[in-house]
Amino acid sequence: MNRVAHLLILPLVLATYIGAFMIQERLFRGVVMELRPVPSSRFLQATAGYFKQLAAEVIFVQSGVFLGGIDQAKAKPVEYAPTLTHNYRQVTALYPEFQDPYYYTQAYLADVGPEYTRAANEILANGRKAHPESFIFPFFQGYNHFSYLDEPLEAAAIFREVSLQPKAPPMFAHLAVILSAEGGMLEASIISLMVLIKSTEDEAVKQHYQEEVAMFKSALAVQKAVNAFQVARIRTPATLDELVPEFLPALPTFGQAFELTWKPPVVGLKRPSRK
């Protein structure tokens, strides 16, 4: 009897869900879009019971209708970002297995400003816990640290952690190396590259890593020259050009592969910007 009752209830729930969506979409046409904060996930969990998945999906659909209805040319993301952040936090806490909100979080929140970039990474952390086998969510987190927050070492730490998973693509270990070098951890990057050289059988990849080792060592020589300059002059150089020729014959160049960075007192290497 219970099974029959469940079979009868399911179509009713689906019909209600679809009807609510259609009514909401119709009401939103031709009016100013407004996004309202939803109750906390704890309240929703307590009231939704077994229907928490449905509740999370309804909230997500509401945000999707809102985002699809706003005028992208006139919209100011910073105005709706607080409510969107709140709602996505509740959705992912209520039903963390639901993957779509994480992609929307990355698309609509990560680049709004540092506050929302960090909020996006917190929301993405729910995705990592719910989907530990996925490499997309930690990639988003690392990208946000590197691209939006200028925190290459934090990005490197995430990529290094992911690289230790059995099925992790090799790119994560290499990204960790590159971003560590940008953050000034040149010696650690060299050691990590040496490990990568030993772990691959691909001769072309080995040669590429060996070339990077040589470049990292050249950058490390610049850092050592900076250290010598500081001891001799009791200050840091204003620019790396001050090292030449007394402390370094010439600054190394790296073609299209890397360029030196100088964030006193740390020398780093980064990929050159592509215009």
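Here are four short exercises with worked solutions on the structure above.

The model is predicted, so local features need pLDDT of at least 70 and side-chain atom pairs count only at pLDDT 80 or more, while totals for chains, interfaces and linings use all residues. Residues are numbered from 1 along each chain as its sequence is written, and side-chain values use heavy atoms, with hydrogens and water left out.

**Exercise 1. Check the length of helix 3 (residues 52–69) against its expected span.**

Start with the term: helices are DSSP runs (H or I, at least four residues; strands are E, at least two), numbered from the N terminus. The expected span is 1.5 Å times one less than the number of residues. For the 18 residues of helix 3 that gives 26 Å, and the end C-alpha atoms are 26 Å apart, which agrees. Now try helix 6 (residues 114–130): its 17 residues should span 24 Å, and its end C-alpha atoms are 25 Å apart, which also agrees.

**Exercise 2. Find what covers the buried residues of helix 6.**

Buried means under 20% relative accessible area (exposed is over 50%, partly exposed in between; 1.4 Å probe, protein chains only). In helix 6, the buried residues include Tyr116, Asn121, Leu124 and Gly127. Their cover includes helix 4 (77–94), helix 5 (100–108) and helix 7. Take Gln141, which lies in helix 7. Gln141 is buried, with a relative accessible area of 7%. Leaving aside neighbours within four places in sequence, Gln141 is in contact (heavy atoms within 4.5 Å) with Asn121, Leu124, Ala125, Arg128 and Ile158.

**Exercise 3. Describe the largest nonpolar core.**

A nonpolar core is a set of buried Ala, Val, Leu, Ile, Met, Phe, Trp, Tyr and Cys residues joined through side-chain atoms within 4.5 Å. The largest has 24 residues, and those with the most contacts inside it are Phe66, Leu67, Tyr80, Leu84, Tyr88 and Leu109. Helix 3, helix 4, helix 6 and helix 7 each give two or more residues to this core. Helix 4 has the largest share, six residues. Next, zoom in on Leu67: beyond its neighbours within four places in sequence, its contacts include Tyr80, Leu84 and Tyr88.

**Exercise 4. Which helix gives the most to the lining of the largest pocket?**

Helix 7 does, with five residues. Helix 7 (136–148), helix 9 (171–182) and strand 1 (259–263) each supply at least two lining residues. Finally, sort the lining by type: eight residues are nonpolar, three polar and five charged (Asp, Glu, Lys and Arg count as charged; Ala, Val, Leu, Ile, Met, Phe, Trp, Tyr, Cys and Pro as nonpolar; the others, Gly among them, as polar). A pocket here is an open set of points on a 1 Å grid over the protein atoms alone where a 1.4 Å probe fits, with protein on both sides within 12 Å along at least five of seven lines; lining residues have an atom within 4 Å of a point.
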